[in-house]
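Please look over the sequence and the model shown here before reading the notes that follow, which take up the sheet and then the two DNA strands.

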Amino acid sequence: MRNAAPGQLAADRALPRSPGMTPPVDWIRPANLEAARAAQHEIAARVETEDRLPASPALVAGVDCAGAARGAPDRVRAMAVLLSAQARSRPLATGLVEGAPAFPYIPGFLGFREIPFVLEAVGKLPQRPDLVLVDGHGVSHPRGCGIATHLGVVLDLPTIGVAKSVLVGRLEGELGLEAGSTAPLVWKGRQIATVLRSKRGVQPLFVSTGHRVSAETAVRLVMEWLAGYRLPEPTRLADRLAGEARRAAEAGEGLL
DNA sequence: GCGACAG
DNA sequence: ATCTTGTCGC
């Protein structure tokens with residue numbers, strides 16, 4: 001079992017979920033696009049868009065994925081970082097996983113490619129966080145099921161989507177140039193995310209509800225977890241550490 | 001039919 | 001996401 005398909009083993013063994021229910025396999029490893037699309041509709045029907053998390057989360061995790069290594073075409077590396085409100089710059093723990101994705105990258109279906117690995121990476125953390133910041137959209141998705149929402153429902157944890165570009169929708173109105181400026185991202189007449197200028201002079205972030213976090217709280221928490229950079233610290237560290245891990249792997253395998 | 005299109 | 005040096009602006 002040590003050499004089982006990465007995604008499969010990851011999904012079953014490492015699910016750091018509260019006891020009670022196990023997500024349908026199609027929510028994690030659907031056999032095809034049609035099944036994946038159906039799963040997204042099921043997941044979207046279970047999303048909670050109201051707050052159901054501590055007002056000030058003490059343990060916040062950040063997750064991100066990167067290519068495993070240049071030269072290793074279809075490999076993915078997932079990094080999970082656990083931070084505490086007390087020491088936000090110093091990770092309490094990290095979880096790293098690598099494997100071959102069962103899904104290709106298809107806009108709108110990112111979760112099926114990365115979540116199997118993210119689940120295993122989060123499972124390597126010593127404890128479940130109060131909140132998870134995800135690199136990508138939450139409900140600001142064609143079917144209301146971006147990777148942040150997908151992950152939140154599967155993990156049964158509060159999540160926030162922090163994307164660096166738009167998937168669907170359009171910025172409405174004007175976005176100020178100052179840090180903290182916001183504007184609605186609207187799609188089909190509905191606000192689906194908040195465009196946030198996290199820092200002066202940088203491209204904005206697209207913050208959306210993942211699961212159990214309201215749109216307003218999502219923006220507040222992202223702002224609270226910023227540390228002088230465009231991305232909030234949990235996500236920024238996961239992104240940076242994933243990149244460092246990739247370089248280390250390339251060097252270790254002599255792929256240079 | 002023609003674009004758009006998270007990471 | 002990834003390939004990539006120098007360069008412009010806060």
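Which atom of DNA strand C lies 3.3 Å from a backbone N or O atom of Gly67? The partner is a phosphate oxygen of DNA strand C, a polar contact in the sense of a pair of N or O atoms within 3.5 Å, where within protein one atom must be able to donate a hydrogen and the other to accept it, and residues adjacent in sequence count only if both atoms are side-chain atoms. This is a predicted model, in which local features need pLDDT of at least 70 and side-chain atom pairs count only at pLDDT 80 or more, while totals for chains, interfaces and linings use all residues. Residues are numbered from 1 along each chain as its sequence is written, chains are lettered from A and ligands numbered from 1 in the order in which they are written, and side-chain values use heavy atoms, with hydrogens and water left out.

**Sheet**

- Nine strands (DSSP runs of E, at least two residues, numbered from the N terminus) form an open sheet with mixed pairing in the order E3-E2-E1-E4-E5-E9-E8-E7-E6, two strands being paired if DSSP finds at least two bridges between them.
- Strand E3 (93-99) and strand E6 (170-171) are the edge strands, each pairing on one side only.
- Strands E1 (residues 59-69) and E4 (residues 131-135) run parallel and are joined by four bridges, and Ala61 has Val132 in E4 as its bridge partner.

**DNA strand C**

- The residues surrounding DNA strand C (each with a heavy atom within 4 Å of it) are Ala66, Gly67, Arg70, Lys164, Arg200 and Arg246.
- By class, this surface has one nonpolar, one polar and four charged residues, where Ala, Val, Leu, Ile, Met, Phe, Trp, Tyr, Cys and Pro count as nonpolar, Asp, Glu, Lys and Arg as charged, and the others, Gly among them, as polar.
- A side-chain N or O atom of Lys164 is 3.3 Å from a phosphate oxygen of DNA strand C, whereas a side-chain N or O atom of Arg200 is 3.1 Å from a sugar or linking oxygen of that strand.

**DNA strand B**

- DNA strand B is surrounded by 16 residues, the closest being Tyr105, Gly108, Ile147, Lys164 and Val166, and the surface near DNA strand B divides into eight nonpolar, five polar and three charged residues.
- Backbone N or O atoms lie 3.0 Å from a base nitrogen of DNA strand B for Gly108, 3.2 Å for Phe109 and 3.1 Å for Leu110.
- Of the atoms of DNA strand B within 4 Å of the protein, 46% belong to sugar or phosphate and the rest to bases.
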